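Visitor: I'm new to reading protein models. Could you walk me through one?

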Amino acid sequence: MDIKKTIEDVVKKVTSDKDLQEKFMKNPAGAIKDLTGLDLPKDQVDSVVNTVKSKISLDKAGDMLSGLFKK
């Protein structure tokens with residue numbers, strides 16, 4: 001299993017769909033399981049959840065910064 005690819009796929013899906021974003025924020029582990037079909041051990045789920053949250057935050061920050069520089 002390519003965990004990096006899995007994380008990238010989850011980030012793309014979550015950031016492109018408001019309903020998935022809400023689901024992810026309420027139950028990140030459940031959302032990841034639904035999106036990937038993977039039933040990961042708790043420590044791996046926690047790691048994936050934290051990485052996805054970090055990437056989403058970075059993407060939002062990048063979008064905000066790029067908006068500032070376009071003005």
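Visitor: Which residues touch the most other members of the largest nonpolar core?

Guide: Let's pin down the term: a nonpolar core is a set of buried Ala, Val, Leu, Ile, Met, Phe, Trp, Tyr and Cys residues joined through side-chain atoms within 4.5 Å. Buried means under 20% relative accessible area, exposed means over 50%, and partly exposed lies in between (1.4 Å probe, protein chains only). The core here has 15 residues, and those touching the most other members are Val10, Val14, Phe24, Ile32, Val48, Val52 and Ile56.

Visitor: Which helix gives the most to this core?

Guide: H1, H2, helix H3 (28-36) and helix H4 (42-70) each supply at least two of its residues. Helices here are DSSP runs of H or I with at least four residues, strands are E runs with at least two, and both are numbered from the N terminus. With 5 residues, the top giver is H4.

Visitor: Before we go on, what sort of model is this?

Guide: Residues are numbered from 1 along each chain as its sequence is written, and side-chain values use heavy atoms, with hydrogens and water left out. Local features need pLDDT of at least 70, side-chain atom pairs count only at pLDDT 80 or more, totals for chains, interfaces and linings use all residues, and the model is predicted.

Visitor: What pattern does the protein follow along the sequence?

Guide: Its secondary structure comes to 4 helices and 0 strands. Reading along the sequence then gives α-α-α-α.

Visitor: At what angle do H1 and H2 pack?

Guide: In H1, Lys13, Val14 and Thr15 meet Leu20, Gln21 and Phe24 of H2, where contact means heavy atoms within 4.5 Å. For the geometry, axes are lines fitted to C-alpha atoms, for helices over the stretch in contact, and angles run from 0 to 180 degrees between N-to-C directions. H1 (residues 3-15) and H2 (residues 18-26) have axes 6 Å apart, and the angle is about 115°.

Visitor: Is valine 52 buried or exposed?

Guide: Valine 52 sits in helix H4. Setting aside neighbours within four places in sequence, valine 52 is in contact with Ile7, Val10, Val11 and Phe24. Its relative accessible area is 0%, so valine 52 counts as buried.

Visitor: How many Å apart are isoleucine 32 and valine 14 in space?

Guide: Isoleucine 32 belongs to helix H3 and is buried, with a relative accessible area of 3%. Apart from neighbours within four places in sequence, isoleucine 32 is in contact with Val10, Phe24, Gly37, Val48 and Val49. Isoleucine 32 and valine 14 are 18 residues apart in sequence, and their C-alpha to C-alpha distance is 9.4 Å.

Visitor: Which residues of H3 are buried?

Guide: Isoleucine 32 has company in H3, and we can list the whole group. The buried residues of H3 are Pro28, Gly30, Ala31, Ile32 and Leu35.

Visitor: Which side chain makes a polar contact with the side chain of lysine 23?

Guide: Lysine 23 is in helix H2 and is partly exposed, with a relative accessible area of 35%. Not counting residues up to four places away in sequence, lysine 23 touches Pro28, Ala31 and Asp34. A polar contact is a pair of N or O atoms within 3.5 Å; within protein, one must be able to donate a hydrogen and the other to accept it, and residues adjacent in sequence count only if both atoms are side-chain atoms. At 2.2 Å, the partner is aspartate 34.

Visitor: What share of the residues in the protein is buried?

Guide: The count runs over the 71 residues in the protein. Buried residues make up 25%.
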